[in-house]
Each structure stands twice: as C-alpha cells, then as structure tokens.
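Here's a quick look at how a ligand and a metal ion sit in this protein. Have the model open while you read.

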Amino acid sequence: MEITSEDVFVVVDVQNDFCPGGALAVPQGDQVIDPIRKLAPRFQHIVLTQDWHPAGHSSFASNHPGRKAFETIQAAYGPQTLWPDHCVQGTAGAEFHPALKLPQAELILRKGYRIDVDSYSAFFENDRVTPTGLSGYLRERGLTRVFFAGLAYDFCVGYSALDARRLGLPAVVIQPACRAIDLDGSVEKMNELFHQAGVKVIQRM
Ligand code: VGL
Ligand code: ZN
C-alpha cells in the first residue's frame, strides 16, 4: 500500500500494563511491538496514544464496592466495563513498553485522565461527545487517513477506528499489529461494527 504525507500511523496504548505481567495484560500484547516497529519507518507521521488514568478512576472496579473487574455498570454516559486498576498516571505500568522505541512520534495523546469518564477512543471520551483534541490536530496538520495498530483491538484500537470513520476519515486497522482482550464476544462485535462503519481491516501492507 502506498503511504503518503497525509497518512498518519496511530499506535494505541502499547504500555506496560497492557503487556504480559501488566495489570490489564492483553494476551500476547507485547507481540504487537515487532510489527509496529517494522511498519513505522514507512510513515511520515506517527502519533502514540497513552491510557492515562488518575488513581481512583471510575473505570477501576476497585472504585465500585461489590463489583468485580470485567463486569459492566451503568455510568452517567452509558454502559462502562470495569477494569483492574491500570495505567495510573506516573506509574511504571503507564509507561510505554521499553521495546516500543518510536522517538520520531510527533504527538503523544493522553486519554482517560478525567476521573469520572473513561476514554477508549483516541478521538472522543466514552460519553462519545467530549473530544480529546486529536481530530483538530489531524485537521490542522492535513493528516487525512488514519492507520491503527496496538492494544487492544476490541477496545481502544477499535473505538478509535470507528470514531475516525464517524469524523469522515478513512480508517485502516493493521490486524497483525494488534492484539485483543476478547471479553464476551467483543472481537466479533467489533468486527461487525468495523464492517458497518467502513473501517478497513488489513492483514499486510
Ligand atoms: C483499554 C481497557 C481499559 C485499551 C484501556 O487500551 O484497549 N482497554 N483501558
Ligand atoms: Zn484504561
């Protein structure tokens, strides 16, 4: 596939807590690193996202007495999955995996920093209306097509790609450079949403 100066590679949440040994380890999460590092030199623009929660974040099961991680609650803005405490601002778990090494990345976009709203997507918080600023950033920089890789396919990568489409941007998910959490059929659900939204899922590029 031909990459142009208007393409951006968004590398989602390749952080210690989402890799083996981390607080919310995605199975084989660290296996996204090699393919991402091989793809990166083909792009002129790279954005990294970083899940970045305050301690006591409302998406943490520990903040909801009687609830367990991976259950769903009704938040003010709709259903919200509860997670183990993860990616707490300033902790080692919130740091990028040390092997990721993409110093050429032009932006590190942090998300999920508001105590009472989660943010899977790099574009909008989980209320689906509060922007993170990424859309404006891409627009001002003339970046019009978005390629995605990272963690997790069925959550932060997935919602980011869906929101790119909602914003009218072509969106491409590079599947071998992603790994999934796979909670209650979330991968199948996301694949269906990708299909409906026109997100392109590719196996190689
Ligand atoms: C993510 C669950 C909670 C992700 C982040 O990066 O996919 N998943 N926070
Ligand atoms: Zn999170």
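## The two ligand sites

The space taken by ligand 1 is the largest cavity (on a 1 Å grid over the protein atoms alone, a set of points where a 1.4 Å probe fits but cannot get out; a molecule sits there if more than half of its atoms lie within 2 Å of the grid points). This is a predicted model, so local features need pLDDT of at least 70, side-chain atom pairs need 80 or more, and totals for chains, interfaces and linings use all residues. Residues are numbered from 1 along each chain as written, chains are lettered from A and ligands numbered from 1 in written order, and side-chain values use heavy atoms, leaving out hydrogens and water.

Around ligand 1 (a heavy atom within 4 Å) you'll find residues including Phe-18, Trp-83, Leu-151 and Ile-181. The shell splits into eight nonpolar, one polar and two charged residues. Here are polar contacts (N or O pairs within 3.5 Å) to ligand 1:

| Residue | Protein atom | Ligand 1 atom | Distance |
|---|---|---|---|
| Asp-13 | side-chain N or O | oxygen | 2.7 Å |
| His-86 | polar side-chain | nitrogen | 3.1 Å |
| Ala-152 | backbone N or O | oxygen | 3.0 Å |

On its own, ligand 1 exposes 260 Å², and the protein buries 100% of that (Shrake-Rupley method, 1.4 Å probe).

His-86 also helps hold the zinc ion (ligand 2), along with Asp-51 and His-53, at 2.0 to 2.2 Å (donors are N, O and S atoms within 2.8 Å of the metal). Along the chain, those donors are spaced D-x1-H-x32-H. The arrangement is irregular because the four donor atoms subtend angles of 88 to 169°, whereas tetrahedral needs all angles between 85 and 135 degrees, and square planar needs opposite donors over 155 degrees apart with all others between 65 and 115.

Methods. Polar contact = N/O pair within 3.5 Å; in protein donor to acceptor, adjacent residues only side chain to side chain. 1 Å grid on protein atoms, 1.4 Å probe; cavity = no way out; pocket = protein on both sides within 12 Å on 5 of 7 lines; lining within 4 Å. Nonpolar A, V, L, I, M, F, W, Y, C, P; charged D, E, K, R; others polar. Donors = N, O, S within 2.8 Å, 3.2 Å for Na, K, Ca; no water. Tetrahedral: all angles 85-135°; square planar, octahedral: opposite > 155°, others 65-115°.
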